[in-house]
Amino acid sequence: MSKGFLLVISGPSGCGKGTLCKKILERNEKLIFSVSATTRMPRRGETNGINYFFINKERFSNMIEEKEFLEYANVHGNLYGTPKQFVLEQVEKGEIVILEIDVQGALQVKEAYPEAVFVFLLPPSMSELKNRIKKRGTESEKDIDIRLKNAFEELKFIDEYDYIVINDELIEAVEKTEAIIIAEKLKVRRLKNILEKIID
Ligand code: 5GP
């Protein structure tokens with residue numbers, strides 16, 4: 001069986017990464033979402049083990065020490081990390097695993113797993129981004145400013161990514177991301193062992 005791959009999705013806070021991932025996972029049952037660990041407090045409606053593993057700083061530090069993270073970063077003042085064992089097991093089994101992580105984390109993944117696929121999700125404009133974060137109503141004025149400042153910082157790393165998807169109409173962004181997944185699955189280097197099947 002051929003190996004799966006990691007699909008890293010980054011993009012500024014408020015550009016709709018969460019909604020996009022949710023929709024893609026609904027439409028593609030075989031895709032797997034990597035649930036990150038974070039020291040951030042849960043927002044209303046978030047469930048432990050589904051949206052994140054909500055853990056305290058001490059536990060997070062232990063996990064760093066035990067090398068349990070594929071990558072981790074301090075994002076907007078909280079720690080976030082991808083538990084390593086689960087995602088690597090899934091990739092070995094041939095699955096495609098979605099990592100919704102920030103740029104700092106994506107760069108760490110690229111260093112360790114250059115064969116991963118990197119998608120940068122953008123809002124139609126930065127002013128629209130600000131509207132979306134405000135409308136979400138989950139961040140204070142101060143947090144909104146931090147997130148916007150970070151958004152501009154993140155844009156500087158866009159060249160490290162393989163694909164850009166603009167999230168104007170959600171369904172179009174979902175279809176574009178699905179097209180990326182299909183194209184990536186068809187890469188020759190991922191399909192080498194298919195020759196064994198067709199040469200009879
Ligand atoms: P939020 O607090 O809005 O859920 O997420 C804030 C930021 O943290 C988002 O940009 C999100 O992609 C990023 N993030 C979530 N999980 C991880 C992770 O495991 N690692 C890294 N590096 N970033 C993450």
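Here a biologist and a modeller talk through a predicted model.

Biologist: Glad to be looking at this with you! How many helices and strands does the chain have, and what radius of gyration goes with them?

Modeller: Welcome! The secondary structure comes to eight helices and nine strands. For 200 residues the globule rule gives 16 Å, and the chain comes close to that, so it is as compact as a globular protein of that length. Its C-alpha trace spans about 65 × 40 × 30 Å along the principal axes. The radius of gyration itself is 17 Å.

Biologist: Thanks. In what order do the strands of the five-stranded sheet lie?

Modeller: This sheet is open, and its pairing is parallel. Its edges are strand E2 (32–33) and strand E9 (163–166), each of which pairs on one side only. Reading across from E2, the order is E2-E7-E1-E8-E9.

Biologist: Let's look inside that sheet. Which residue of E8 is the bridge partner of Ser10?

Modeller: Start with the two strands: E1 covers residues 5–10 and E8 covers residues 117–122. They pair in the parallel sense over four bridges. Within E8, the partner of Ser10 is Phe120.

Biologist: Which helix lies across E1, E7, E8 and E9, and at what angle does it run to E9?

Modeller: A helix that packs on this sheet is H3 (residues 84–92), but H3 touches E1, E2 and strand E7 (96–100), with its direction at about 150° to that of E7. The helix you are asking for spans residues 170–185. That is H7, and its angle to E9 is about 160°.

Biologist: And the sheet of four strands: which are its edge strands?

Modeller: This is another open sheet, with the order E4-E3-E6-E5 and mixed pairing. Its neighbouring strands are turned by 25° against each other on average, direction ignored. The strands that pair on one side only are strand E4 (52–54) and E5.

Biologist: In E6, which residue is the bridge partner of Ala37?

Modeller: Strand E3 (residues 36–38) is joined to E6 by two bridges, and these strands run antiparallel. H3 lies across E5 and E6 too, at about 35° to E6. As for Ala37, its partner in E6 is Gly81.

Biologist: Now for the empty space. Which element gives the largest share of the lining of the largest pocket?

Modeller: About 1,200 Å³ of space lies in this pocket. It is lined by 43 residues, with Lys17, Gly18, Arg43, Tyr52 and Glu100 closest to its centre. Elements giving two or more residues include strand E5 (69–75), strand E6 (78–83) and helix H5 (126–136). The largest share, seven residues, comes from H1.

Biologist: How many residues of that lining are charged?

Modeller: The lining divides into three classes. Nonpolar residues number 13 and polar ones 15. The charged residues number 15.

Biologist: One last stop, the second largest pocket. Which element gives the most to its lining?

Modeller: This pocket holds about 340 Å³ of space. Of its 18 lining residues, Lys30, Gly94, Ile96, Ile181 and Lys185 lie nearest its centre. By class, the lining has seven nonpolar, four polar and seven charged residues. With four residues, the element that gives the most is H7.

How values were computed:
Residues are numbered from 1 along each chain as its sequence is written. This is a predicted model: local features need pLDDT of at least 70, side-chain atom pairs count only at pLDDT 80 or more; totals for chains, interfaces and linings use all residues. Side-chain values use heavy atoms; hydrogens and water are left out. Two strands pair if DSSP finds at least two bridges between them. Contact means heavy atoms within 4.5 Å. Axes are lines fitted to C-alpha atoms, for helices over the stretch in contact, and angles run from 0 to 180 degrees between N-to-C directions. On a 1 Å grid over the protein atoms alone, a cavity is a set of points where a 1.4 Å probe fits but cannot get out, and a pocket is an open set with protein on both sides within 12 Å along at least five of seven lines; lining residues have an atom within 4 Å of a point. Grid points are joined across faces, edges and corners, and a volume is the space filled by probe spheres set on the points. Ala, Val, Leu, Ile, Met, Phe, Trp, Tyr, Cys and Pro count as nonpolar, Asp, Glu, Lys and Arg as charged, and the others, Gly among them, as polar. The radius of gyration is taken over C-alpha atoms; the globule rule is 2.2 Å times the number of residues to the power 0.38.
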